[in-house]
Amino acid sequence: MPSTTAETLSLVTRNVSVAPLVLLSTVDHFNRTVAFKSKNKRVVGVLLGQNDGKSNVRVSNSFAVPFEEDDKDPSVWYLDHNYIESMNEMFKKINAREKLIGWYHSGPKLRSSDLEINELFKRYTPNPLLVIIDVQPKESGVPTDAYFAVEEIKDDGTTTAKTFVHTPSIIEAEEAEEIGVEHLLRDIRDVAVGTLSTRVTNQLQSLQGLHHRLGDIQTYLQKVLDGKLPVNHAILGNLQDVFNLLPNLSTGVPGAAAASADPTATGASDLAHAMSVKTNDQLMAIYLSSLIRAITAFHDLIENKIQNRQQQEEKDAAKKEAEATAAAAAAGKSGAAGSGESGGPNGAAASGSDKKDDKSNGVNGDEKK
């Protein structure tokens with residue numbers, strides 16, 4: 001276990017990347033086990049992946065482990081290490097590259113028994129990694145916190161004590177995993193929402209996560225200032241590096257006298273002006289994009305109404321034409337029926353007169369003979 005400051009700094013600066021598959025497996029483990037039992041319950045599992053021992057730790061797979069602990073006494077807990085050994089042997093047969101590198105639990109915070117459980121995992125790996133996965137996050141941000149156990153050297157020279165040091169972690173997926181995650185998100189993503197609004201929402205969530213982290217830093221520094229927490233030079237060094245990376249956005253006093261009094265004032269003012277111009281350009285692009293999108297939506301709405309009106313007019317014209325055709329057909333039938341009735345008596349009278357003419361002709365003919 002690391003005990004020197006150099007070894008501790010090497011652990012703090014390591015890059016821990018967690019695959020999305022591990023997050024999905026942990027959430028499924030939690031929902032199947034303790035989601036409906038108690039809010040204080042947690043699940044524990046084993047992390048598999050690669051640890052080069054230098055700067056990169058890749059967590060690519062995991063499996064659940066039977067775990068029980070007493071709610072009243074945190075020091076009483078049970079972890080089936082025989083199950084761990086059996087599952088580890090089977091995973092070696094499937095993929096020898098994935099080795100046991102640590103363990104996880106659903107937290108959401110560190111607990112007093114975590115150091116004892118971590119000592120148990122030292123049987124399988126010399127420096128186990130602990131990843132706390134928040135399965136029910138209440139704030140935006142990365143739902144994982146990675147820790148390594150170290151021997152804390154106290155400034156007063158007393159006996160060292162074991163503690164956890166935090167190391168940064170990210171969620172990183174391979175190409176195949178990205179495709180799977182995209183398919184999963186496709187079911188919950190609103191298709192009607194455009195790319196611009198999605199980017200703005202992501203930026204807002206990132207800023208909210210940054211605000212939360214800054215609040216944690218402020219709380220820690222205030223506790224150190226009040227003497228509630230000891231001074232940790234590694235943390236203060238990292239904070240100093242963060243502050244050194246921040247640009248100096250002080251506006252400065254305009255004018256030649258101010259520039260001569262403070263040579264950096266002009267540069268700071270130029271930087272602030274450049275930042276303002278860049279921000280305004282981005283906001284203008286966002287505004288124009290939203291305006292164009294609204295105009296396009298109104299255009300589509302008007303086109304839709306015009307098409308609906310044309311279709312309705314065509315239906316009305318076809319209906320009127322059908323009614324006119326039906327009326328004309330009815331009028332033709334009634335006219336044919338009237339002409340047939342009038343033509344019958346006239347024909348009979350004409351035939352009668354013809355018969356009379358024939359008779360008269362016959363009589364005349366006989367007389368002539």
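Biologist: Which residues is His105 in contact with, leaving aside its neighbours within four places in sequence?

Modeller: Contact means heavy atoms within 4.5 Å. Here His105 is in contact with Arg42, Val43, Val44, Asp114, Leu130, Val131, Ile132 and Ile133, once neighbours within four places are set aside. Keep in mind that this is a predicted model, where local features need pLDDT of at least 70 and side-chain atom pairs pLDDT 80 or more, while totals for chains, interfaces and linings use all residues. Residues are numbered from 1 along each chain as its sequence is written, and side-chain values use heavy atoms, leaving out hydrogens and water.

Biologist: Is His105 buried or exposed?

Modeller: Buried means under 20% relative accessible area, exposed over 50%, partly exposed in between (1.4 Å probe, protein chains only). His105 has 0%, so it counts as buried.

Biologist: Which side chains make polar contacts with His105?

Modeller: A polar contact is a pair of N or O atoms within 3.5 Å; within protein, one must be able to donate a hydrogen and the other to accept it, and sequence-adjacent residues count only if both atoms are side-chain atoms. The side chain of His105 has one of 3.4 Å with that of Arg42 and one of 3.2 Å with that of Asp114.

Biologist: Where does His105 sit, and how are the strands ordered?

Modeller: Helices (H or I, at least four residues) and strands (E, at least two) are DSSP runs, numbered from the N terminus; strands pair if DSSP finds at least two bridges between them. His105 belongs to strand E6, residues 99–105. The open sheet has eight strands in the order E9-E8-E7-E6-E2-E3-E1-E10, with mixed pairing. E9 (161–167) and E10 (169–171) are at the edges, each with a single partner strand, so one side of each has no neighbour in the sheet. From one strand to the next, the twist averages 35°. E2 (44–51) and E3 (56–65) pair antiparallel over eight bridges, with Gly49 opposite Val59 in E3.

Biologist: Which strands does helix H3 touch?

Modeller: Angles run from 0 to 180 degrees between N-to-C directions, with axes fitted to C-alpha atoms, for helices over the stretch in contact. H3 (81–94) touches E2, E3 and E6, at about 120° to E3.

Biologist: Which residues touch the most other members of the largest nonpolar core?

Modeller: Such a core is a set of buried Ala, Val, Leu, Ile, Met, Phe, Trp, Tyr and Cys residues joined through side-chain atoms within 4.5 Å. Among the 20 residues in this one, they are Val46, Phe63, Leu79, Ile84 and Phe121.
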